[in-house]
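Got the viewer open? Let's walk through this one selection at a time.

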Amino acid sequence: MTKQNSLIGFLFIGFGVYFLLRHLNIPELIPFYSWSSLLVIIGIALLLHSYVAKDYSNLFTGALVTGLGVHFTLQAHTSFWIDHWAVYLWIIGISFLLYYSKTKRGLIPAIVCITIGLFAVFTPGNPAWSLWVQRIVNVLERFWPVVLIAYGMYVIRKK
């Protein structure tokens, strides 16, 4: 497999394993047959492709998609995972940190996102400024497919 085709190969392997496990109907895995698991598969394929091809342009996207998939999976299947808008900032910040580790770009957004996320979670009470942030997050949660479409159009026009 060439490095250019590695993304398609990793996607086929990931989806193949997903559907094989679903076909085998293993009782312990039934809760994980969901769209959030598919996000994890897509994200991991993007990450693996970035490292194998040594093309780190998809590293941020892979980390972001994997992080969102893991967040939604843990939120649905565990009681200890927090349901707070700041988790999205942590995911974005960690994605920027991973991207920074290979490209040396994105450190400031990473620090800002993680710091604001930590501050928002550990601030006692509900400060007034968090209300408008909560409204923005509610709109994004409701219309996230539109955000995906807009980002896809941006990526297409960028090249």
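Colour by secondary structure and read from the N terminus: the elements run α-α-α-α-α-α-α. That comes to seven helices and zero strands. Keep in mind that you're looking at a predicted model. Line the view up with the principal axes, and the C-alpha atoms fill a box of roughly 55 × 40 × 25 Å.

**Stop 1: α1 and α2**

Select residues 6–24 for α1 and residues 35–53 for α2. Their axes lie 9 Å apart and the packing angle is about 150 degrees. Angles over 145 degrees count as roughly antiparallel, so α1 is roughly antiparallel to α2. Is the crossing left-handed or right-handed? For α1 and α2 it is right-handed.

Now show side chains. On the α1 side, pick S6, L7, F10, L11, G14, F15 and Y18; they meet S37, L38, I41, I42, A45, L46, L48, H49 and V52 in α2. Colour that contact by residue class and you get twelve nonpolar, four polar and no charged residues.

**Stop 2: α2 and α3**

Keep α2 on screen and add α3, residues 59–77. Here the axes are 7 Å apart, at an angle of about 155 degrees. That makes α2 roughly antiparallel to α3. This time α2 passes its partner α3 in a left-handed crossing.

For the contact, select W35, S36, S37, L39, V40, I42, G43, I44, L46, L47, S50 and Y51 in α2. Across from them in α3 you'll find L59, T61, G62, A63, V65, T66, G69, V70, F72 and T73. How do the residues of this contact divide? There are 13 nonpolar, nine polar and no charged.

While you're here, try highlighting S37, I42 and L46: these α2 residues are in the contact with α1 and also in the contact with α3.

**Stop 3: α4 and α5**

Next, select residues 86–103, which are α4, and residues 107–122, which are α5. The two axes come within 8 Å and cross at roughly 155 degrees. That makes α4 roughly antiparallel to α5, and their crossing is left-handed.

Bring up the side chains A86, L89, W90, I92, G93, I94, F96, L97 and Y100 in α4. They meet L107, P109, A110, C113, I114, I116, G117, L118, A120 and V121 in α5. By class, this contact has 17 nonpolar, two polar and no charged residues.

**Stop 4: the largest pocket**

Switch on a surface and hunt for the largest pocket, with a volume of about 1600 Å³. Which residues lie nearest its centre? Centre your view on L64, L68, V147, L148 and Y151, part of a lining of 34 residues.

To see where the lining comes from, show α2, α3, α4, α6 (129–142) and α7 (144–158), the elements that give two or more residues to it. The largest share comes from α7, with eight residues. Finish by colouring the lining by class: 26 nonpolar, four polar and four charged. So far on this tour, the three helix contacts have had no charged residues, whereas the pocket lining has four.

Methods
Residues are numbered from 1 along each chain as its sequence is written. This is a predicted model: local features need pLDDT of at least 70, side-chain atom pairs count only at pLDDT 80 or more; totals for chains, interfaces and linings use all residues. Side-chain values use heavy atoms; hydrogens and water are left out. Axes are lines fitted to C-alpha atoms, for helices over the stretch in contact, and angles run from 0 to 180 degrees between N-to-C directions. Helices (H or I, at least four residues) and strands (E, at least two) are DSSP runs, numbered from the N terminus. Angles under 35 degrees count as roughly parallel, over 145 as roughly antiparallel, 65 to 115 as roughly perpendicular and the rest as oblique. A crossing is left-handed if the near helix is turned anticlockwise from the far one by less than a right angle, and right-handed if clockwise. Contact means heavy atoms within 4.5 Å. Ala, Val, Leu, Ile, Met, Phe, Trp, Tyr, Cys and Pro count as nonpolar, Asp, Glu, Lys and Arg as charged, and the others, Gly among them, as polar. On a 1 Å grid over the protein atoms alone, a cavity is a set of points where a 1.4 Å probe fits but cannot get out, and a pocket is an open set with protein on both sides within 12 Å along at least five of seven lines; lining residues have an atom within 4 Å of a point. Grid points are joined across faces, edges and corners, and a volume is the space filled by probe spheres set on the points.
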